[in-house]
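Trainee: Please take one helix of this model and go through it closely, residue by residue where that helps. Then set that part against its neighbours and the chain as a whole.

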Amino acid sequence: MVRGTPYFSYVVRELPTGCQLCVRGEKLVLFTTGACPRDCFYCPLSPWRREDVVYANERPVKSVDNIIGEAMIQEAKGAGVTGGDPLVRLDRTVEYIRSLKEAFGEDFHVHLYTTGALATKKNLEMLYDTGLDEIRFHPDLFNPNSKLFKVEIENIHNAFDFDWDVGGEIPSIPGQFERMKWYAEFLDSLGAKFLNVNELEFSETNLRAILDRGYRPISNESPAIKGSLGLGLKLLEWGEENTSLSYHLCTAKLKDAVQLRNRLRMMAKNVAKPYMEITKDGTLRFGIAEYGDLDELYALLVSEAEVPAEWLYINREKGRIEMPEEVALELAEAIEGDVRFFIVEEYPTFDRLEVERVPLP
């Protein structure tokens, strides 16, 4: 039967190993290139991610050490290798997977997403030799007459020459039930283990293309598309009766309310400075003071306001002095002039995305 999970998703039979670690926030997201043989209308990647760039979570990667360091901060137990299509930069992808396995051991679970366009037997053998544990194919399912789709489908056969977990990964697109069924049957006939189905979502990048095709968001508060979740559930119910695959319906709520939050919590405890509070959502909360001359402000706070120096941190990159929330509250009441005080919340990620800023009187 179709079962709900504690992660706001739905499953038939077993949750794929890659998904088990992902929902707990234990998978490093390793983006090895934005280059891709296809241009899917629903692709959510931002323009700068569509270039030949590398990220480990939100961290731009300049060397393997950046990847290892990010995995350590996260306390990751595995990695999901994605893009673009990682096989477009196969040598790079192989180097990174091998480096992760060498750094964290063979039990560090790595899964990879690919279109299948470049999944020749030779290329797959290179990936298999690195210790890749799981491969997920996302062919151009909704454009079945394209030459590329035929190549992708042929190449998927190659994956079954190797002893790893093989599965599929597709979006749930309203109106495409027959194509989704076809792919499930195809995978099942080859002996694949699972099919992962993603609730369709919009982003700033793909919104226009999605709207032009008649799809609409379920509400102003959610990026999920109407009809996608229901169609995914319909596929799972059909798949349980007609195939031996495991299925996971990954919802928009899972990605935001569970996977991201769990990853942030794991990272926060490793990057939080003593003056930062870690919230239940995994964000960092603290006070800041902004002023034209940070050194002058620092001297004022230490010498005249008698704030212990260990409670203060000059963040020159962001042009502010950081401190405990309680200290900022007291100083905002006591200090007049051009100094501005705020309480901020930030993600504990490399880019330190600010999610809230409250000015103090």
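Mentor: What follows begins with the helix, moves on to its surroundings, and ends with some single residues and the whole chain.

This is a predicted model, in which local features need pLDDT of at least 70 and side-chain atom pairs count only at pLDDT 80 or more, while totals for chains, interfaces and linings use all residues. Residues are numbered from 1 along each chain as its sequence is written, and side-chain values use heavy atoms, with hydrogens and water left out.

The part to look at is helix α4, residues 121-129; helices (H or I, at least four residues) and strands (E, at least two) are DSSP runs, numbered from the N terminus. In α4, Asn123, Leu124 and Leu127 are buried, where buried means under 20% relative accessible area, exposed over 50%, and partly exposed in between, with a 1.4 Å probe and protein chains only. These three residues lie on the same side of α4, because they cover an arc of only 95° around the axis, the arc being that of the directions from the helix axis to the C-beta atoms. On the face turned away from this buried side, α4 carries the exposed residues Lys122 and Asp129. The cover over the buried residues of α4 includes α3 (90-104), β7 (109-114), β8 (134-137) and α5 (147-158), with contact meaning heavy atoms within 4.5 Å. Just after α4, Gly131 takes a positive phi of about 100°.

One of the covering elements, α5, leads on to a further helix. α5 packs against helix α6 (residues 177-190) at an angle of about 30°, and their axes are 10 Å apart; axes are lines fitted to C-alpha atoms, for helices over the stretch in contact, and angles run from 0 to 180 degrees between N-to-C directions. The two helices α5 and α6 are therefore roughly parallel to each other, a description used for angles under 35 degrees, whereas those over 145 count as roughly antiparallel, 65 to 115 as roughly perpendicular and the rest as oblique. On the α5 side, the contact is made by Phe149, Ile153, Ile156 and His157, and on the α6 side by Arg179, Trp182, Tyr183, Phe186 and Leu190. By class, this contact has 7 nonpolar, 1 polar and 1 charged residues, where Ala, Val, Leu, Ile, Met, Phe, Trp, Tyr, Cys and Pro count as nonpolar, Asp, Glu, Lys and Arg as charged, and the others, Gly among them, as polar.

Some single residues elsewhere add to the picture. Arg59, found in strand β5 (residues 59-60), counts as buried because its relative accessibility is 18%. Leaving aside residues up to four places away in sequence, Arg59 touches Val54, Asn66, Glu70, Ile73 and Phe350. With Glu70, the side chains make a polar contact at 2.7 Å, that is, a pair of N or O atoms within 3.5 Å, of which, within protein, one must be able to donate a hydrogen and the other to accept it, residues adjacent in sequence counting only if both atoms are side-chain atoms. Glu306, by contrast, is exposed, with a relative accessible area of 64%; Glu306 lies in the loop between α10 (294-304) and β14 (313-315), and its phi is near 60°, a positive value in a residue other than glycine.

As for the whole protein, its secondary structure comes to 11 helices and 17 strands, and buried residues make up 53% of its 361 residues.
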